[in-house]
Amino acid sequence: MDINITKTENSRLKDIDFNDIPFGKYTSDHMFIMDYANGQWSDFRIVPYQSLQLDPQSKALQYCQCIFEGMKATIGADGIPKLLRPDLNIERFNCSAERMCMPAVPDELFLSALKAITRLEINWIPKTEESALYLRPTMIATESSLGVVPSSTYTFYIYAAPAQPYFTAPVKLVTEQTLIRAVPGGTGEAKTGGNYAGSFKSGQLARQKGFDQVIWLESPHFKKIQEIGMMNLFFVIGDTVLTPELNGAILKGTTRTYFIDILKQKDIKVEIRDIYIDEILEAYQAGNLKEAFGSGTAAVVSHISEITHGDVCITLPNTKEAEISNMLYNEINGLRAGIIEDKHNWLTPVY
Ligand SMILES: *Cc1c(COP(=O)(O)O)cnc(C)c1O
């Protein structure tokens, strides 16, 4: 694959203070971009980061036919950039594309594009441990037409944003018993913008009541646990780790997959099944609920300090004692930093 590279004459790198790079605040100098028409992808190029020109009537804007991914490129002591299991992101992206009637991006083309932009932006990868260059592969429908059928043309791009460690204080959650993010058969399994827009209201209401985020429960009974905000969810009850089974309404988080694989490798008991809020309450009342945490690319682990369900409030133990979630966090960051041996070839080097 030939990628035409046009470099910027005005790098913004010198203006960035790498000790102060809040998640998503700065984008790097360049972006990868390619177009789809007549059944094929073409015009592979890297250009200076720039605005897109879109027809006001394009289907991405009118009908939200758009999908994205989020992943990290990191650089360890050996100075070689690495991607963590990019195959999982590529596979999920193409599942999202399938659901939204968008064309697939061939795996090899996708990986070459990820490597090309990472290679060119190597100086944008923060070097301090737990920092990363966040990559955002995105596909949007560009055809201008109000017809309620899929677009015939698309643009795919990958841009990058340097990010310092995304520390969050343990979060206070409330179960959502009115609004829903997704139902089996809906678009909850696809990483598509509309799922996010549709969830803003619920997050806003939760914050107004003094919570950080919501726990999504499955309609119509509002008993079965799905996710928290835009993260997957884990519980530790006794010596067993639990996470909801994918059922068509839950996004298949890459971090969720890393965690399940690490737990299995370490012979820690893990149950992937339907989980109900009532059994979490029972475990809490019996003194068996040890940990609850969210998983996602940005924070890796998001500790939970409280869960409010109706008029009951569950208080979780201090997160310093959270053995499982701290272990998982350290495994992922240690692997990326080159401190923990990459026994299963999870890291893809970018030469
Ligand atoms: C992106 C996302 C996640 C987390 O996925 P990761 O690959 O672990 O970052 C979880 N839930 C939803 C709804 C998401 O959109």
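Biologist: Before we start, what counts as a salt bridge here?

Modeller: It's a Lys or Arg side-chain nitrogen sitting within 4 Å of a carboxyl oxygen of Asp or Glu. Keep in mind that we're looking at a predicted model. For that pairing, the cut-off is 4 Å.

Biologist: Okay, so which residue does D274 meet in a salt bridge?

Modeller: D274 sits in the loop between β14 and α6, and its partner is in the loop between β10 and β11, 50 residues apart from it. The N to O distance is 3.5 Å, and the cut-off is 4 Å. The partner is K224.

Biologist: Is K224 buried or exposed?

Modeller: Buried means under 20% relative accessible area. K224 comes in at 18%, so the label is buried.

Biologist: How many residues apart are K266 and E331?

Modeller: Their side chains meet in a salt bridge at 3.2 Å, N to O. This pair links distant parts of the chain: K266 is in the loop between α5 and β14, while E331 is in helix α7. Along the chain, they're 65 residues apart.

Biologist: What about E279, which residue does it form a salt bridge with?

Modeller: E279 is partly exposed, with a relative accessible area of 22%. Its partner is partly exposed too, at 28%. The closest N and O atoms are 3.0 Å apart, and the partner is R273.

Biologist: And which elements give two or more residues to the negative patch?

Modeller: The patch is made of D87, E91, D107 and E108. One of them, E108, is exposed at 70% relative accessible area. The elements you're after are α2 and α3.

Note on methods: Residues numbered from 1 in each chain as written. Predicted model: local features only at pLDDT ≥ 70, side-chain atom pairs only at ≥ 80, totals over all residues. Heavy atoms only, no water. Patch = residues over 30% accessible without salt bridge, like charges linked within 9 Å, V, L, I, M, F, W, Y side chains within 5 Å. Areas by Shrake-Rupley, 256 points an atom, 1.4 Å probe, with all protein chains shown as cover. Lys, Arg positive; Asp, Glu negative; His and termini not counted. Charge placed at Lys NZ, Arg CZ, Asp CG, Glu CD. Helix = DSSP H or I, 4+ residues; strand = E, 2+ residues; numbered from the N terminus. Buried < 20%, exposed > 50% of the residue type's maximum accessible area, 1.4 Å probe, protein only.
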